[in-house]
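User: I am new to this structure and should like to learn how its features are read. Please take me through them in order.

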Amino acid sequence: MIKMKKTYFMIAAMTACLSLPVMFSSCGSNHEDGIEAINTENSVVRMELSLSGDYAKFNPFVSFHAWDLKGKGMDMHTSTGMDVNMVWDLTYEDSPFSIAAAQIKGSYSAFNATLILSNADAQDGKISVQAKMYKDEKVIRHHILDIDVLPTDDNISISYSPEDDFTKMN
């Protein structure tokens, strides 16, 4: 019970820490790689994370965050059918999933996701995370991250921002 409480405390702390660096990222940056710039003024934008491989062994926790241009929380419609404001958390233990998605409407100052994998049983495994960003149902970003989990990894934390790709912290 104490280890479980410590794990949930670590998850909450890491979620807060990982969302801060990308909280003030801007939308509308123009990438030189030919990918469409994210200008969402009158658009519906959906972020989707999908997991494959050994992810179920590591009790995934996903959190989506959305702020408008004034720094206020934005309304999100989630893949579970819920409507929430600013933050949406999904825990595999409570509701098993392989895909999680949230969508917003309009311009944002930050729209990101955090994934935390907990390795309390010191296992190894391979996980692939795909992140897709849709603008009006058209894919405008597609990033993939392959993760090798080692028995020595306690928690693996990954932040995703469509402008900056994945950021991994062990």
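User: How many strands does the open sheet have, and in what order?

Analyst: Strands are DSSP runs (E, at least two residues), numbered from the N terminus, and two of them pair if DSSP finds at least two bridges between them. Here an open sheet of 5 strands follows the order S5-S2-S7-S10-S11, and its pairing is antiparallel. At the edges stand strand S5 (87-91) and strand S11 (165-169); each has a single partner strand, so one side of each lacks a neighbour in the sheet. On average, neighbouring strands of this sheet are turned by 15° against each other, direction ignored; the axes behind such angles are lines fitted to C-alpha atoms. This is a predicted model, in which local features need pLDDT of at least 70 and side-chain atom pairs count only at pLDDT 80 or more, while totals for chains, interfaces and linings use all residues. Residues are numbered from 1 along each chain as its sequence is written, and side-chain values use heavy atoms, with hydrogens and water left out.

User: How many bridges join strand S2 to S5?

Analyst: Strand S2 (residues 61-67) and S5 run antiparallel and are joined by 5 bridges. Within S5, aspartate 89 stands opposite serine 63.

User: Which residues have the most contacts inside the largest nonpolar core?

Analyst: In soluble globular proteins, nonpolar side chains tend to be buried together. A nonpolar core is a set of buried Ala, Val, Leu, Ile, Met, Phe, Trp, Tyr and Cys residues joined through side-chain atoms within 4.5 Å; buried means under 20% relative accessible area, exposed over 50%, and partly exposed in between (1.4 Å probe, protein chains only). The largest such core has 36 residues, and Phe64, Met76, Phe111 and Ile147 have the most contacts inside it. Among the elements that give two or more residues to this core are strand S1 (44-53), strand S7 (110-118) and strand S9 (138-149).

User: How many salt bridges does a search of the whole structure find?

Analyst: A salt bridge is a side-chain nitrogen of Lys or Arg within 4 Å of a carboxyl oxygen of Asp or Glu. The search finds 2 salt bridges. In one, glutamate 137 meets arginine 46, with the closest N and O atoms 3.0 Å apart. Glutamate 137 lies in the loop between S8 and S9 and arginine 46 in strand S1, so the pair ties together parts 91 residues apart in sequence.

User: Is each of these two partners buried or exposed?

Analyst: Glutamate 137 counts as exposed at 58% relative accessibility, whereas arginine 46 counts as buried at 17%.

Technical notes:
Helix = DSSP H or I, 4+ residues; strand = E, 2+ residues; numbered from the N terminus. Axes fitted to C-alpha atoms, helices over the stretch in contact; angles between N-to-C directions.
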